[in-house]
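Thank you for making time for this today. I would like to walk through one structure slowly, taking a few places in turn, and please look at the picture as we go.

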Amino acid sequence: MIHVAIYNEYIHERESECVAAVYPQGIHAVIADFLRSDEIDVKCFTLDTVNEITDEELKTTDVMIWWGHKRHDAVPDEVAARVRNAVQNGMGIIFLHSAHHSKPFKFLMGTCCHLTWREDGDMERVWTVRPAHPIAQGIGRYFELPHDETYGEPFGIPEPDEVVFIGWYEGGEVFRSGCTFHRDYGKIFYFQPGHETFPIYYDKNVQTVIRNAVYWAKPAFRLPDLTCPHVKKPGEE
Ligand code: ZN
């Protein structure tokens, strides 16, 4: 069983009628619905319950998924640090869309994570640039989203380990829409599609990418803590 924990701040859906029309139970509920299976169990956290993301909780989480936008600042530093530490110990994490500015992402990247953006509802064509990557399986040469928020380069991230997808928008912008990183033992995937006013998380290709990313990011090894253990010479045990 893969244990997935979704954090969605769950603000837009409760404040904006047009977002509530797309995600009446919240973005997290839609992601949880398509991920849940015989092999994946899912629990959800929102900004209201963010303090319940404890070390104990993270120890039993294989992969976390993070969506936030309006209230990144309201996530306590100590929660973000716990998430970062869990990733360094081996937990996988997937950051979606505007989570590029979330505290855990910035803690893990160590850079500004700025990008350029505009909200004109452009069509986005998501190009697969690493078709052999596990996250790209089941995705063709490209797929299209009729409308998404435009994100453009430069994207203020460290050089990714792999760029799996590049987004192209009607306005001509391009963006590194699917990037992988490793931090210590943990795997990180950033995936750009997901503006809250469009039904992006109902899209079958987007769902395939996120499901593939869960399988890719699940830990192969976990460190019990982040220390430098004092050890004996080989053969002395
Ligand atoms: Zn957005």
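Before we turn to the metal site, we need to agree on what a donor is: here, donors are N, O and S atoms within 2.8 Å of the metal, and since water is not among the atoms, a site may look incomplete. Please also keep in mind throughout that this is a predicted model.

With that in hand, which residues coordinate the zinc ion? They are H97, through its NE2 atom, E149, through OE, and H195, through ND1, and the distances run from 2.0 to 2.1 Å. If you follow these donor residues along the sequence, their spacing reads H-x51-E-x45-H. H97 sits in the loop between β4, residues 92-96, and α6, residues 103-109, while E149 sits in the loop between β7, residues 142-145, and β8, residues 150-152, so this pair ties together parts that lie 52 residues apart in sequence. Both H97 and E149 are buried, and for H97 the relative accessible area is 1%. H97 also has a backbone feature that deserves a pause, namely a positive phi of about 50 degrees, although H97 is not a glycine.

There is another residue with that kind of backbone angle, D184, whose phi is near 50 degrees, again a positive value in a residue other than glycine. You will find D184 in the loop between β10, residues 174-183, and β11, residues 186-191. Is D184 buried or exposed? With a relative accessible area of 52%, D184 is exposed. While we are on the backbone, please look as well at the peptide bond from E153 to P154, which is cis, with omega near 5 degrees; P154 belongs to the loop between β8 and β9, the latter being residues 162-169.

Let us move on to helix α7, which covers residues 204-217. This helix has 14 residues and spans 20 Å from its first C-alpha to its last, close to the 20 Å expected at 1.5 Å a residue. At its N-terminal end α7 is capped by D203, which places a side-chain oxygen 2.9 Å from the backbone nitrogen of N205. Of the 14 residues in α7, 10 are buried, so the helix is largely enclosed by the rest of the structure; among them are V206, I210, N212 and W216.

N212 is worth following in more detail, and at 18% relative accessibility this residue counts as buried, because the cut-off for that word is under 20%. Leaving out residues up to four places away in sequence, N212 touches P134, I135, A136 and Q137. The side chain of N212 reaches the backbone oxygen of I135 at 3.0 Å, and that side chain also reaches the backbone oxygen of Q137 at 2.7 Å.

I135 appears once more when we look at H133, which is placed in the loop between β6, residues 124-128, and β7. The side chain of H133 reaches the backbone nitrogen of I135 at 3.0 Å. H133 counts as buried, at 5% relative accessibility, and, if we set aside its neighbours within four places in sequence, H133 is in contact with E162, V164, T180 and W216.

From there we can come to the nonpolar cores. The largest has 38 residues, and those with the most contacts inside it are V4, L35, I65, F165, F189 and Y201. The largest share of this core, 7 residues, comes from α7. A second, separate core has 33 residues and includes I11, M64, V75 and F95. V75 also turns up beside K103 in helix α6, since K103 touches H72, D73, V75, P76, D77 and A80 when residues up to four places away in sequence are not counted.

Finally, how many disulfides are there? The count comes to 0. C112 is in no disulfide, as the nearest cysteine sulfur, that of C113, is 6.3 Å away, and C112 counts as partly exposed, at 38% relative accessibility. The sulfur of C179 is 11 Å from the closest cysteine sulfur, in C113, and that is too far for a bond, because the two sulfur atoms would have to be within 2.5 Å. C179 is buried, with a relative accessible area of 0%.

That is the end of my tour, and I am happy to take questions.

Note on methods
Residues are numbered from 1 along each chain as its sequence is written. This is a predicted model: local features need pLDDT of at least 70, side-chain atom pairs count only at pLDDT 80 or more; totals for chains, interfaces and linings use all residues. Side-chain values use heavy atoms; hydrogens and water are left out. Helices (H or I, at least four residues) and strands (E, at least two) are DSSP runs, numbered from the N terminus. The expected span of a helix is 1.5 Å times one less than its number of residues. Buried means under 20% relative accessible area, exposed over 50%, partly exposed in between (1.4 Å probe, protein chains only). A polar contact is a pair of N or O atoms within 3.5 Å; within protein, one must be able to donate a hydrogen and the other to accept it, and residues adjacent in sequence count only if both atoms are side-chain atoms. Donors are N, O and S atoms within 2.8 Å of the metal (3.2 Å for Na, K and Ca); water is not among the atoms, so sites may look incomplete. Contact means heavy atoms within 4.5 Å. A nonpolar core is a set of buried Ala, Val, Leu, Ile, Met, Phe, Trp, Tyr and Cys residues joined through side-chain atoms within 4.5 Å.
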